[in-house]
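Subject: The structure to look through

Hi,

Here is the structure I promised to pass on. Have a look at it first, and then read my notes underneath.

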Amino acid sequence: MIEKTKALITKLLRNEGFLYLLVGGSNTLISWTLTFILATVFHLGYWPTSVITFSIGVAYSYLLNRKYTFRAGDLPHSKTLPRFLLNVGVCYLIAMVSVKALLDYMFANVWSVSWPEEYVTLFKLLSANIVYIVLNYIGQKFFAFSKKGEAPPETAGDESEDVKEKQDG
């Protein structure tokens, strides 16, 4: 049982999707906690709250996703950082602007809710974050940390070990 658990944990920690969700989940927890505090305690509006939490999240995400999720630590920062920043900037603008515009319209014309402004802001920010997470994964995987056809050393080794295990087992 312990060996199977260790094998499962090892497999999960080598799975790019799982690692992205782990890094993204912890980043989101930190960002949403900070978002809640900035929006409800300090009464900052949509844009100041969004920019502050986004900036902190970007640094956290770059460092962890570069090294662990996409295993691009062997690529130079001069290649990955500009691509990463371009990716997150585009994803941020698409998510934050489009979701805000859509929800501004929905709150003004479709939904009849009387939430305090802080909660409306919070709802918009959380909704935009969901869109951002999906867009950002796609951009990081295929653009920011792309090795353009190179198989990461860990993956190549894992595949041959998997084949060997299947042949032995």
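Below is what turned up, going from the whole chain to single residues.

A word on the ground rules: this is a predicted model, where local features need pLDDT of at least 70 and side-chain atom pairs count only at pLDDT 80 or more, while totals for chains, interfaces and linings use all residues. Residues are numbered from 1 along each chain as its sequence is written, and side-chain values use heavy atoms, with hydrogens and water left out.

**The whole chain**

The chain has 6 helices and 0 strands, so to speak α-α-α-α-α-α when you read along the sequence. Helices here (H or I, at least four residues) and strands (E, at least two) are DSSP runs, numbered from the N terminus. Of the 169 residues, 33% are buried. Buried means under 20% relative accessible area, exposed means over 50%, and partly exposed is in between, using a 1.4 Å probe and protein chains only. Now take the contacts (heavy atoms within 4.5 Å) with a separation of 6 or more: 74% of them join residues 24 or more positions apart.

**Two helices, α3 and α4**

How does the length of α4 compare with what you would expect? Its 33 residues should span 48 Å at 1.5 Å a residue, and its end C-alpha atoms are 46 Å apart, which agrees. The expected span is 1.5 Å times one less than the number of residues. In α3, by contrast, the 24 residues have end C-alpha atoms only 30 Å apart, short of the 34 Å that a straight helix would reach.

Both helices have buried residues. In α4 these include T80, F84, N87, V88, C91 and Y92, and what covers the buried residues of α4 includes α3 and α5. In α3 they include F54, V58, S61 and Y62, and the buried residues of α3 pack against α2, α4 and α5. When you look at those numbers, remember that an α-helix has 3.6 residues a turn, so residues three or four places apart point the same way.

**The nonpolar core**

A nonpolar core is a set of buried Ala, Val, Leu, Ile, Met, Phe, Trp, Tyr and Cys residues joined through side-chain atoms within 4.5 Å. The largest one has 23 residues, and F54, F84, V88, Y132 and F145 touch the most other members. Two or more residues come from each of α3, α4 and α5, with the largest share, 9 residues, from α4.

Three residues of α4 are worth clicking on. Leaving out residues up to four places away in sequence, F84 touches V58, S61, Y62, Q140, A144 and F145. N87 also lies in α4 and is buried, with a relative accessible area of 7%. Apart from neighbours within four places in sequence, N87 is in contact with N136, G139, Q140 and F143. V99, in α4 too, counts as buried because its relative accessibility is 9%. The C-alpha atoms of V99 and V131 are 8.0 Å apart, although 32 residues separate them along the chain.

**The cavity**

How many cavities of 30 Å³ or more does a search of the whole structure find? It finds 1, with a volume of about 300 Å³. Of the 24 residues lining this cavity, N27, T28, S31, N129 and Y132 are the closest to its centre. The elements giving two or more residues to the lining are α2 (16-41), α3 (46-69), α4 (77-109) and α5 (117-144). The lining divides into 11 nonpolar, 13 polar and no charged residues.

On the terms: a cavity is a set of points, on a 1 Å grid over the protein atoms alone, where a 1.4 Å probe fits but cannot get out, and lining residues have an atom within 4 Å of a point. Grid points are joined across faces, edges and corners, and the volume is the space filled by probe spheres set on the points. Ala, Val, Leu, Ile, Met, Phe, Trp, Tyr, Cys and Pro count as nonpolar, Asp, Glu, Lys and Arg as charged, and the others, Gly among them, as polar.

**Two loop residues**

H43 is not a glycine, yet its phi is positive, at about 55 degrees. H43 sits in the loop between α2 and α3 and counts as exposed at 52% relative accessibility. R71 is not a glycine either, and has a positive phi of about 45 degrees. R71 is in the loop between α3 and α4, but is buried, with a relative accessible area of 15%.

Cheers

Terms used: 1 Å grid on protein atoms, 1.4 Å probe; cavity = no way out; pocket = protein on both sides within 12 Å on 5 of 7 lines; lining within 4 Å.
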